[in-house]
Amino acid sequence: MFKRIPFALAVLALVAGCSSGVDLDKVPVEDKNGAPLSTGGANAGNAGQSGVQGVDLSQSAIDKAGPQGVGRVVYFDYDSYVIKPEAQSLIEAHARFIKAGAARKAVIEGHTDERGGREYNLALGQRRAEAVRRALGLLGVSDNQIEAVSFGEEKPAVQGYGEDAYSKNRRAEISYR
Amino acid sequence: MTQLPIAIAAFRDETQSPQKISAIVQADLERSGQFRGIDTGGVRLDEAARPDVALWRQKGADSLVSGSVVRLADGRYDVRFRLWDVVRGQDLGGQSYVVVQADLRLVAHRIADYVYEKLTGERGVFSTRIAYVTKAGNRFSLWVADSDGENAQAALSSPESIISPAWSPSGGQLAYVSFESRKPVVYVHDVATGRRRLVANFKGSNSAPAWSPDGRTLAITLSRDGNSQLYTMDANGGEPRRLTQSSGIDTEPAFSPDGKHVYFVSDRGGAPQIYKVPSSGGSAERVTFNGSYNISPAISPDGRWLAYISRAGGAFKLQVMELATGNVTAITDSSADERPSFAPNSRLIVYATQQQGREALMTTTLDGKIKARLAGQGGDIREPDWGPYQFQ
């Protein structure tokens, strides 16, 4: 306890040195859990005018974060929309995640490399996204929870020419919204 | 190909105008491939003077344009010109235009149209407009420019990509694909007012809008039933009707000028090829047979030609097919050509390509002999669409 005093003084000195100090009394307190004020018991269903319906954003944040520790990109060969065997476990992990919450919505975004026409690439990216959507459907994911869209060649993951860049751009990304 | 030798004399007092009218007229006529500019030796000649035809014959000219630019008291400009046949010593007529400064380039294009029509018998396209897209940094812009790429005005600016602009047959609206809502959706945009309508935002991707010749119907590509397929819908929006049925990709619709057919790209045979289908639906007929990747069909307004992009040996090249015979000619020596679009007189094609590592727009005659790089905004320039004739 004795040793912490000089440290606290130093902090105060720093704050005092700032041109616009922070009034600690006015620092807002956040309640990140957003727990409802009327909690169960005799008051439940009888909240009156002061009742508050709590919204828990932490669940929504989990839904939007997607499965933890799982990749979200499926790569494809040139001119191909065939899902390679090594992508299967990734797709299975996303299927489990989506099925675990009815509010979870995934968008599968198909992409191509820059070679070829923009509209044909849009359609090719769509085919890649559809391939992933169908794979998720076969694993029992509801069609209402997934949408397959395409960005064609418009949003490359990597800029540049050559197979190294191209192979990273031929992909479908699973994102949660 | 014979090119008509023409002398465009410097217009009297055009140095005091913000636009050098004679230079714009000459560049227009030369870009068409049908004219060759003759060195005038700096001669200034206005529309009132009768030229010394023997002198112009000596210089090698068959015809001559003279004119003047006068700034009026109210700030507008009076631009006048006269066209001479110096072989016969004949006055081929002239015109006067009183316009605001912003329309001086338009006047120059109108003069070029007049000369072109008098001397070739066909309507000129210089006063038409071209739409294109640029990418500069992370900014995408949709531009409406003169047919030479100059005088560009931004119709839309976005942090996300814009592709596939398509002029309505009246020239008042552009349909295009925007990615602003994190997926491709189709808008119809009124160019004069900037008002735009979201016409296709169905589940999945919405893309490749094409207008029917009467302007009432849009053909579009939707993926709402799985893979990309063609649909037609009212240009004002509404319920799409499915036009094609395949298990693969059908996209890039383009109406024939009579409105009876829709040309499109399909990989139903295993690789992308161009097909056509009756616009009321029915069975599709294959149109391209050479090579294993043929995309981006454009039909000339006179119905004679099909321009498209073909991949061969890793290069993407503009091709022109004469529809009556099926004869195909490759007309470029570049290797990243994209998205051809015909001028309304069917004599020129604008297309995107790469030059020195940058995306650029070019025009070419159908035989590939005369090409010109279009001016444009800085950055990469792409996705051209040549607009229709404008009412005067």
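## Close-up views of a predicted two-chain model

**View 1. E21(B) and E22(B) pair in the antiparallel sense.** Four bridges join the two strands. One of the bridged residues is B:Ala298, whose partner in E22(B) is B:Ala307. The model is predicted, here and in every view below.

**View 2. E21(B) and E22(B) belong to a four-stranded open sheet of chain B.** The strand order is E21-E22-E23-E24, and the pairing is antiparallel. E21 lies at one edge and strand E24 (328-330) at the other. Each of these edge strands pairs on one side only. On average, neighbouring strands are turned by 25 degrees against each other, direction ignored. Strands of a sheet pair through backbone hydrogen bonds, either parallel or antiparallel.

**View 3. Strands E11 and E12 of chain B form a hairpin.** E11 covers residues 185-190, and E12 covers residues 196-200. The two strands pair in the antiparallel sense over four bridges. B:His189 has B:Arg196 of E12(B) as its bridge partner. Five residues lie between the strands. Within the turn, B:Gly194 has a positive phi of about 80 degrees.

**View 4. Helix H1 of chain B is largely enclosed.** Eight of the eleven residues of H1(B) are buried, so the helix is largely enclosed by the rest of the structure. The buried set opens with B:Ile21 and B:Ser22. It also includes B:Ile24, B:Val25 and B:Gln26. B:Asp28, B:Leu29 and B:Arg31 are buried as well. An α-helix has 3.6 residues a turn, so residues three or four places apart point the same way. After H1(B) comes B:Gly33, with a positive phi near 85 degrees.

**View 5. Domain 1 of chain B meets domain 2 of chain B.** Domain 1 spans 4-120, and domain 2 spans 129-386. Their centres, taken over C-alpha atoms, are 35 Å apart. Seven residues of domain 1 and twelve residues of domain 2 enter the contact. On the domain 1 side, helix H1 (21-31) and helix H3 (104-120) of chain B each give two or more residues. H1(B) provides the largest share of that side, three residues. By class, the domain 1 side has one nonpolar, three polar and three charged residues.

**View 6. Chain B touches chain A.** Chain B brings 28 residues to the contact, and chain A brings 17 residues. Several strands of chain B supply at least two residues each to the side that touches chain A. Among them are strand E9 (162-167), strand E13 (206-211) and strand E17 (250-255). Strand E21 (294-299), strand E22 (305-312) and strand E25 (338-342) of chain B also do so. E21(B) and E22(B) thus appear here as well as in the sheet of View 2. On the chain B side, ten residues are nonpolar, twelve are polar and six are charged.

**View 7. Chain A combines five helices with four strands.** From the N terminus on, its elements run α-α-β-α-β-α-β-α-β. Chain A has 177 residues, and 29% of them count as buried. Consider the contacts in chain A with a separation of 6 or more. Of these, 67% link residues 24 or more positions apart.

Technical notes. Residues numbered from 1 in each chain as written. Chains lettered and ligands numbered in written order. Predicted model: local features only at pLDDT ≥ 70, side-chain atom pairs only at ≥ 80, totals over all residues. Pairing = 2+ DSSP bridges. Domains from an automatic or database assignment. Contact = placed C-beta atoms within 7 Å. Nonpolar A, V, L, I, M, F, W, Y, C, P; charged D, E, K, R; others polar. Buried ≥ 20, exposed ≤ 12 C-beta atoms within 10 Å, placed from the backbone. Axes fitted to C-alpha atoms, helices over the stretch in contact; angles between N-to-C directions.
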